[in-house]
Structure formats: structure tokens, C-alpha cells
Amino acid sequence: MPAPRKYPDELRQRAVRLYRESDPKPVIKRLAEQLGVHPEALRNWIRQDEADHGQRSDRPTTVEAEELRRLRKENAELRRANEIPRCSGTSGAS
């Protein structure tokens, strides 16, 4: 189970929307202070939004990250399932 998020999703969405719709772009540190969030948190939200909208390719989109998490979990489950027969089976050494 993932850890609870420090900031509500509504705040994240509002913060990114404010940044995206501003012209000129606000200084992230100042906007973060106005919203009561950590500047690095806001910076990461903005980067993720840019990746999700195809504006940067240095990080996976939210959909890709969720798929990667799902596949890693499935892979770990399959590895565990494959370990059980090895541990309980006979050695089969010749």
C-alpha cells in the first residue's frame, strides 16, 4: 500500500494549472510559498505535467509510470511463485 500523499490531488492540480496558465511564468519558489507547498514538490508536479503533455521526454508519463509499477509488482509476484517449487522440490542432483 503506498504512503499517503502529503498534498491533496486538488492542490496539485490547481498549482500546476496556475503555473501553466500564467504568462509570464511565475517563479516556482514564490508560487510554492503562496500555495503553502514545498518548491521542489511544485517543481516535480510541473515536470510531470510537462511529461504527460509530451513537452519533455526525460521522465515517463504518469500512465507509463503506473504501468511500470504494475509490471514490477507482477514480476515480483511471478518470481515468488516460481521460488516455491524450487524450495519444496527434491534436489534432483545426479
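**Helix packing and side-chain contacts**

Helix α2 crosses α3 in a right-handed manner. The model described here is a predicted one. Helix α2 spans residues 28-35, and its axis comes within 8 Å of that of α3, the two crossing at roughly 110 degrees. Angles of 65 to 115 degrees count as roughly perpendicular, and α2 and α3 are therefore placed in that class. On the α2 side, the residues that meet α3 are Ile28, Lys29, Leu31 and Ala32. Their counterparts in α3 are Pro39, Leu42, Arg43 and Ile46.

Helix α2 also packs against α1. The axes of these two helices lie 11 Å apart, at an angle of about 140 degrees, which makes α1 oblique to α2. The crossing of α1 past α2 is right-handed. From α1, the contact involves Leu11, Arg14, Ala15, Leu18 and Tyr19; from α2, Ile28, Leu31 and Leu35 take part. Ile28 and Leu31 are thus listed in the contact with α1 and are also among the α2 residues that meet α3.

Tyr19, one of the α1 residues in contact with α2, is also involved in an interaction with a charged side chain. The charged end of lysine 25 sits over the ring of tyrosine 19, at 5.5 Å from the ring centre.

One aromatic pair is present in the structure. Its members are tyrosine 7 and tryptophan 45, whose ring centres are 5.4 Å apart and whose planes stand at 85 degrees, so the arrangement is edge-to-face. The pair connects distant parts of the chain, its two residues being 38 residues apart. Tyrosine 7 belongs to the segment before α1 (9-21), whereas tryptophan 45 lies in helix α3, which covers residues 39-52. Both tyrosine 7 and tryptophan 45 are buried.

Helix α3 also contains aspartate 49. The relative accessibility of aspartate 49 is 13%, and this residue therefore counts as buried, the cut-off being under 20%. With residues up to four places away in sequence left out, aspartate 49 touches Val16 and Arg20.

Taken together, α3 carries residues that meet α2, the tryptophan of the aromatic pair and the buried aspartate 49. Helix α2, in turn, has contacts with α1 and with α3, the former arrangement being oblique and the latter roughly perpendicular.

Technical notes. Residues are numbered from 1 along each chain as its sequence is written. This is a predicted model: local features need pLDDT of at least 70, side-chain atom pairs count only at pLDDT 80 or more; totals for chains, interfaces and linings use all residues. Side-chain values use heavy atoms; hydrogens and water are left out. Rings of Phe, Tyr and Trp (its six-membered ring) pair if their centres lie within 6.5 Å; planes under 30 degrees apart count as stacked, over 60 as edge-to-face and the rest as tilted. Helices (H or I, at least four residues) and strands (E, at least two) are DSSP runs, numbered from the N terminus. Buried means under 20% relative accessible area, exposed over 50%, partly exposed in between (1.4 Å probe, protein chains only). A charge sits over a ring if NZ of Lys or CZ of Arg is within 6 Å of the ring centre and within 35 degrees of the ring normal. Axes are lines fitted to C-alpha atoms, for helices over the stretch in contact, and angles run from 0 to 180 degrees between N-to-C directions. Angles under 35 degrees count as roughly parallel, over 145 as roughly antiparallel, 65 to 115 as roughly perpendicular and the rest as oblique. A crossing is left-handed if the near helix is turned anticlockwise from the far one by less than a right angle, and right-handed if clockwise. Contact means heavy atoms within 4.5 Å.
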